[in-house]
Amino acid sequence: MAAPSVSTLLRLASRTRPRLAPCTRRPVQAHRSQQSAAGPRPSGVPEFAFAFDIDGVLLRSADPLPRAHRALSYLQSQSIPFILLTNGGGKHESERVADLTEKLGVTLDTAMFVQSHTPFADMDEYKSKTVLVVGGDDDKCRHVAERYGFKTAVTPGDIFVQYPAVWPFSQHLLDYYKTCSRPLPRPIDPDSPETSLKIDAIFVYNDPRDWGLDLQIVQDVLLSHRGILGTWSEKNGKTAFPNKGFQQDGQPPLYFSNPDLLWAAKYHLPRLGQGGFREALEGVWAALTGGKDNGVELIKTVGGKPHRPTYEFAEKRLIAHRQQMFRKVDGSLGHLKRVYMVGDNPESDILGSNSFKSPHETDWVSVLVQTGVYKKGEVPAHEPRMVVGDVLDAVNWAVRQERWSV
Ligand code: G3P
Ligand code: MG
């Protein structure tokens with residue numbers, strides 16, 4: 001049987017997904033380039049910019065895509081601002097930027113880089129609390145959280161090493177977890193909840209590697225009394241409470257950084273991402289609680305593209321980067337009229353930019369490439385403003401729209 005096309009998979013998946021405002025394909029209202037009708041713009045400051053997705057646009061897993069370097073170095077040669085906007089993560093921004101600079105052969109900076117968990121760095125309310133950090137390689141995401149200022153970050157691996165019975169099915173990984181775990185700040189002791197390990201927030205930073213262990217630990221925390229591991233909330237299943245008593249007993253909030261069910265890795269077919277883990281968690285949660293049929297939902301916050309907070313965050317970063325680039329220009333830089341969002345995933349890159357209403361009235365123009373999740377000839381679940389072959393085609397098309405002349 002032929003493999004289902006990606007758009008079939010995504011269409012199947014999108015049936016269950018919350019809908020953001022649909023968008024009709026709008027032509028790009030581009031203005032004349034430097035010599036716009038309103039006369040010369042201060043010192044050639046472009047009134048447009050770019051936001052580039054990474055996986056499936058610039059890279060396939062760790063390998064740079066063939067024309068990514070040319071696309072970015074052309075923009076740098078023209079002083080046309082751009083940022084990288086990815087649902088990926090798992091390393092601190094500075095590490096990722098150094099890595100990408102080397103791979104893509106263009107000098108990048110954290111000021112022009114937004115990854116899925118970058119907004120977590122602003123969540124000061126949890127920095128003096130105990131947070132559970134899930135996902136990524138080893139305990140790299142814990143280190144990212146600490147560099148964001150989180151004082152006490154615990155991983156499922158830490159819990160497993162100290163209490164292997166918490167998850168019977170990763171015993172073969174115990175030696176591995178011993179290489180990247182730390183002693184817990186408190187023991188798990190349900191008999192003395194006041195001194196037992198208590199989780200105040202759960203952050204899924206990146207694609208989990210050991211779904212079984214991570215899923216079990218997250219469930220345990222969400223079903224606990226006040227986030228105290230090893231306990232069970234008496235409110236669970238009680239119809240007197242909202243959500244049938246689930247997550248109604250001071251349990252910690254649950255944050256996901258990236259909704260992607262599928263992403264473009266090295267393999268020729270898209271792979272399950274953090275969104276796949278969340279769907280698995282939702283499935284087990286529904287089985288345990290009775291789920292929607294029983295009036296129970298999994299209360300959570302999902303960040304990343306296509307969600308508005310990520311685009312607001314990215315636009316702010318792009319505007320600040322543009323101001324930094326042209327800081328020597330006298331007077332105002334003029335309005336940033338258009339941002340070309342170049343992505344490979346209709347569900348995140350295209351839906352996100354199509355539905356983003358910029359507080360600066362900047363027009364986010366969605367451009368879909370065929371080098372990642374989306375494949376030539378498929379009908380994308382969300383209609384982009386333009387479909388092109390790859391990232392260089394996207395840049396060439398956009399600068400033509402802008403009549404940008406060297
Ligand atoms: O885990 C990363 C993946 O979900 C997609 O990343 O760069 O295509 O937004 P990106
Ligand atoms: Mg992508």
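A polar contact here is a pair of N or O atoms within 3.5 Å, and within protein one of them must be able to donate a hydrogen and the other to accept it. With that in hand, here are the close-ups, all taken from a predicted model.

**Figure 1. H382 and E347 meet through their side chains.** The polar contact between these two side chains spans 3.4 Å. As for where H382 sits, look in the loop between β14 (363–368) and β15 (386–387). H382 counts as buried, with a relative accessibility of 9%.

**Figure 2. Q370 comes up beside D344.** Q370 is another residue to look for in the loop between β14 and β15. Its relative accessible area is 25%, so Q370 is partly exposed. Along the chain Q370 and D344 are 26 residues apart, yet 6.5 Å is what separates their C-alpha atoms. D344 turns up again in the next view, as one of the residues around ligand 1.

**Figure 3. Ligand 1 and the residues around it.** The shell is made up of D53, I54, D55, T86, N87, G88, D207, N258, D260, W263, K305 and D344. Sorted by class, that gives six charged, four polar and two nonpolar residues. Three spots are worth zooming in on. The side chain of D53 puts an N or O atom 2.6 Å from an oxygen atom of ligand 1. T86 has a polar side-chain atom 2.5 Å from a ligand 1 oxygen, while N87 uses a backbone N or O atom, 2.8 Å from an oxygen of ligand 1. Taken by itself, ligand 1 would expose 310 Å², and the protein buries 96% of that.

**Figure 4. A cis peptide bond between K305 and P306.** Omega is about 15° at this bond. P306 belongs to the loop between β12 (301–302) and α9 (308–325). K305, on the other side of the bond, is also among the residues around ligand 1.

**Figure 5. F48 and W404, one of the 24 aromatic pairs in the structure.** The ring centres of F48 and W404 are 5.6 Å apart and the planes stand at 75°, so this is an edge-to-face pair. It links distant parts of the chain: F48 is in strand β1 (residues 48–52) and W404 in the segment after α11 (391–401), 356 residues apart. F48 is buried at 1% relative accessibility, and W404 is buried too, at 10%. Zoom out a little and both rings belong to a cluster, linked by ring pairs, that also takes in F50, F52, F82, Y340 and W397.

**Figure 6. F246 and W285, with 75° between their ring planes.** Here the centres lie 5.7 Å apart, and the angle makes the pair edge-to-face. F246 is in the loop between α7 (211–222) and β9 (254–256) and W285 is in helix α8 (residues 274–289), so the pair ties together parts that are 39 residues apart in sequence. Both residues are buried.

**Figure 7. Charges over rings, at F150 and F256.** K127 lies over the face of F150, 5.8 Å from the ring centre. Over at F256, the charged end of R278 sits above the ring, 5.9 Å from its centre.

**Figure 8. Positive phi at S61 and R403.** S61 isn't a glycine, but its phi is positive, about 55°. You'll find S61 in the loop between β2 (59–60) and β3 (63–64), partly exposed at 27% relative accessible area. R403 isn't a glycine either, and its phi is about 50°. R403 sits in the segment after α11 and counts as partly exposed, at 44% relative accessibility.

Notes
Residues are numbered from 1 along each chain as its sequence is written. Chains are lettered from A and ligands numbered from 1 in the order in which they are written. This is a predicted model: local features need pLDDT of at least 70, side-chain atom pairs count only at pLDDT 80 or more; totals for chains, interfaces and linings use all residues. Side-chain values use heavy atoms; hydrogens and water are left out. Rings of Phe, Tyr and Trp (its six-membered ring) pair if their centres lie within 6.5 Å; planes under 30 degrees apart count as stacked, over 60 as edge-to-face and the rest as tilted. Helices (H or I, at least four residues) and strands (E, at least two) are DSSP runs, numbered from the N terminus. Buried means under 20% relative accessible area, exposed over 50%, partly exposed in between (1.4 Å probe, protein chains only). A charge sits over a ring if NZ of Lys or CZ of Arg is within 6 Å of the ring centre and within 35 degrees of the ring normal. A residue is near a molecule or strand if one of its heavy atoms lies within 4 Å of it. Accessible areas come from the Shrake-Rupley method with a 1.4 Å probe; for residues, only the protein chains shown count as cover. Ala, Val, Leu, Ile, Met, Phe, Trp, Tyr, Cys and Pro count as nonpolar, Asp, Glu, Lys and Arg as charged, and the others, Gly among them, as polar.
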